[in-house]
Amino acid sequence: MPSPSSSATRNPFTEAETPAVGVALEHLVKDFGSHKVLKDVSFAVSPGEIFVLMGPSGSGKSVLLKQIVGLEAPTSGRVLVDGRDAIDPATREQVRMALVFQSGALFNSLSVYDNLALYPREHRVASEAAIREKVMRALQIISLEDTADKFPSELSGGMKKRVAIARALVMEPQLMLYDEPTSELDPVTSASISEIIATLREEYHVTTIVVSHDRDLALNIADCIGLLIGGELIFNGTPAELRASKDPVITDFLNPKIDLKNPRFKKLAT
Amino acid sequence: MKQITAILVGFGSTIQLLVRALSYTATLPRQWARFIEQCYLIGYTTLPIVAILSFFIGSVLALQAGYSMADFGAKEFIGTLVGLSMARELGPVMVAILVAGRVGSAIAAELASMKVYQEIDVLETMNIPPARMLVLPRLAAILVMMPVLAIIADLVGWYGGAIVAKYTHAIAIDPETYFAALRHFMKFKDVVNGLMKAEVFGFGVVLVSCNIGLNTSGGPREVGASVTKAVVVSLILILVADYFITDVLQQIFP
Ligand SMILES: Nc1ncnc2c1ncn2[C@@H]1O[C@H](COP(=O)(O)OP(=O)(O)OP(=O)(O)O)[C@@H](O)[C@H]1O
Ligand SMILES: [Mg+2]
């Protein structure tokens, strides 16, 4: 394990100092035809910070992550990763980014082991023996060592998600993005994923953006929380500020009451 | 108008994909395992059906030619007709059509489902270009396997014709006469022309299928649509290219 450092992480493969990167979104707008998904979203994540993005289903969180890694071009506005435009293909060559997709998106034709080993093999960053060590360590962290030779079709939904997280860990990214990492997991595994995310920041100083509905995760590990509702960032602040907020939209999102006498879907119908 | 734009866009993106894949040619030696796997898949899936179909195409050519040529006493030349037709035209075109149906469709299905299930997106974020990892080894493999398949088709077709020529009562040409006629009028360039055609067809089919697969968008249902599209476009490509390549080759090697 490389020694913790406050401003840089030591890449165990190359022994090179890899500085953490900052992310900035500037007036980001994304439309799909006439459907406006993101309406002028701006925020910044400092190097080595954990930013948790919360928001109701369909509010545009997954779309936002795709803009950050440069998979989709924004309609207007821009995303800067380490000061470079995210949509420029050269950015991916300069900055190691890993996105854990909501669905996991494992390579179905490869075994779990080969899924994890693909990145280091393709980029030729280590010998096969060193890769094996890295892969097995990543699988151990998510306690799935015994699935190395299985194929994604033989795993449960939650296991796939954990393997996807392990695959991102092997990449040793400077910027780590998770799309709902705990949504399919039991409470104990969820807590363990939260611990992994926080530990990575402590030990490797990885800049992290987590999309999650998990209040425990958000309030415990976030440095900053953003609330995206209807394509607009209606809140951006520390967990303490979020808890203290008196805004009824925010309090209702964080502590929705299940009201059997007066259900929401009936309110909508009238 | 919309269709014309769609065709032009498709053509443009195919050429772009080719350029991108070729720009990674230097990585081919370290992708050796993928290249061999693709050679095996292409050969393994098409060889049996190529053998069966070319046998019957050779036979039917001999049968048709035999009956009509017997009428004006030219049945000694059946070997020439079967030999030239297989080598110059039917061998390459038939192999290309089978490759479109078995290999092109499989490639389109595999890449389209990788796209739909976001595996391609993962490759992009890992900075592993799909053109390098998925397209290049397939293009290299088809270039190696296509001549092999075409030669096998030629040989099996010729022997199919020989068997029919010998055992059909109305024809009854023995193999010595058949192969003497085949050899006498067949030039080396006839076979080479055919192999060149096969090479172009196979390469086109794989490139087009890769491009259509990678450009799939939407849900799992689009995978099926992409497969159909890949096969249809490949077939059109083969038959249109056949005309023009034949014309060009005729002028280069008169
Ligand atoms: N490729 C696309 N084409 C058209 N519309 C899209 C596309 N991708 C997303 N959308 C729309 O954008 C909106 C936001 O989608 P997104 O996947 O970002 O939601 P989300 O906030 O991640 O929700 P969830 O919490 O359920 O995952 C949705 O209304 C969706 O219909
Ligand atoms: Mg989502």
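The magnesium ion (ligand 2) of this predicted model is coordinated by Ser62(A) through OG and by Gln102(A) through OE1, at 1.9 to 2.3 Å. Donors are N, O and S atoms within 2.8 Å of the metal (3.2 Å for Na, K and Ca), and water is not among the atoms, so sites may look incomplete. The pair links distant parts of the chain, 40 residues apart: Ser62(A) belongs to helix H1 (residues 61-68) of chain A, while Gln102(A) sits in the loop between strand S8 (97-100) and helix H3 (112-122) of chain A. Helices (H or I, at least four residues) and strands (E, at least two) are DSSP runs, numbered from the N terminus. Ser62(A) counts as partly exposed because its relative accessibility is 27%, and Gln102(A) is partly exposed as well, with a relative accessible area of 36%. Here buried means under 20% relative accessible area, exposed means over 50%, and partly exposed lies in between (1.4 Å probe, protein chains only).

Residues are numbered from 1 along each chain as its sequence is written, and chains are lettered from A and ligands numbered from 1 in the order in which they are written. Local features need pLDDT of at least 70 and side-chain atom pairs count only at pLDDT 80 or more, whereas totals for chains, interfaces and linings use all residues; side-chain values use heavy atoms, and hydrogens and water are left out.

**The sheet of chain A**

Four strands of chain A form an open sheet in the order S4-S3-S6-S7, with antiparallel pairing. S4 and strand S7 (84-85) stand at the edges, each with a single partner strand, so one side of each is left without a neighbour in the sheet. Two strands are said to pair if DSSP finds at least two bridges between them. Strand S3 (residues 23-32) and strand S4 (residues 35-45) of chain A are joined by seven bridges in the antiparallel sense. Five bridges join S3(A) to strand S6 (residues 76-81) of chain A, and these two also run antiparallel. In general, strands of a sheet pair through backbone hydrogen bonds, either parallel or antiparallel.

Individual bridge partners can be named for S3(A). In S4(A), Phe43(A) is the bridge partner of Leu25(A), and His35(A) is that of Phe32(A). In S6(A), Ser76(A) is the bridge partner of Val29(A). The hairpin of S3(A) and S4(A) has two residues between the strands, and in it Gly33(A) takes a positive phi near 65°.

**The nonpolar cores**

Leu25(A) also appears in the largest nonpolar core, which has 128 residues; Leu25(A), Val52(A), Ile68(A) and Leu116(A) are those with the most contacts inside it. A nonpolar core is a set of buried Ala, Val, Leu, Ile, Met, Phe, Trp, Tyr and Cys residues joined through side-chain atoms within 4.5 Å. Helix H5 (residues 130-167) of chain B supplies the largest share of this core, 13 residues. Apart from it lies another core, of 19 residues, among them Met86(B), Ala165(B), Ile171(B) and Met186(B).

Contact means heavy atoms within 4.5 Å. Leaving aside neighbours within four places in sequence, Leu25(A) is in contact with residues including Val41(A), Phe43(A), Leu64(A), Ile68(A) and Val79(A).

**Buried polar residues**

Which helix holds Asn115(A)? Asn115(A) is found in helix H3 of chain A and counts as buried, because its relative accessibility is 1%. A polar atom of its side chain lies 2.7 Å from the backbone nitrogen of Phe107(A). Not counting residues up to four places away in sequence, Asn115(A) touches Leu106(A), Phe107(A), Leu110(A), Pro152(A) and Arg167(A).

Most residues other than glycine have a negative phi. The table lists two residues with a positive phi although neither is a glycine.

| Residue and phi | Loop | Relative accessibility |
|---|---|---|
| Glu180(A), about 50° | between strand S9 (175-179) and helix H6 (187-204) of chain A | 7%, buried |
| Gln118(B), about 65° | between helix H3 (78-116) and helix H4 (119-125) of chain B | 19%, buried |

**Chain B as a whole**

Chain B has eight helices and zero strands. Its C-alpha atoms fill a box of roughly 70 × 45 × 35 Å, taken along the principal axes. Buried residues make up 48% of the 254 residues in chain B. Among contacts in chain B between residues at least 6 apart in sequence, 86% join residues at least 24 apart.

Terms used. Polar contact = N/O pair within 3.5 Å; in protein donor to acceptor, adjacent residues only side chain to side chain.
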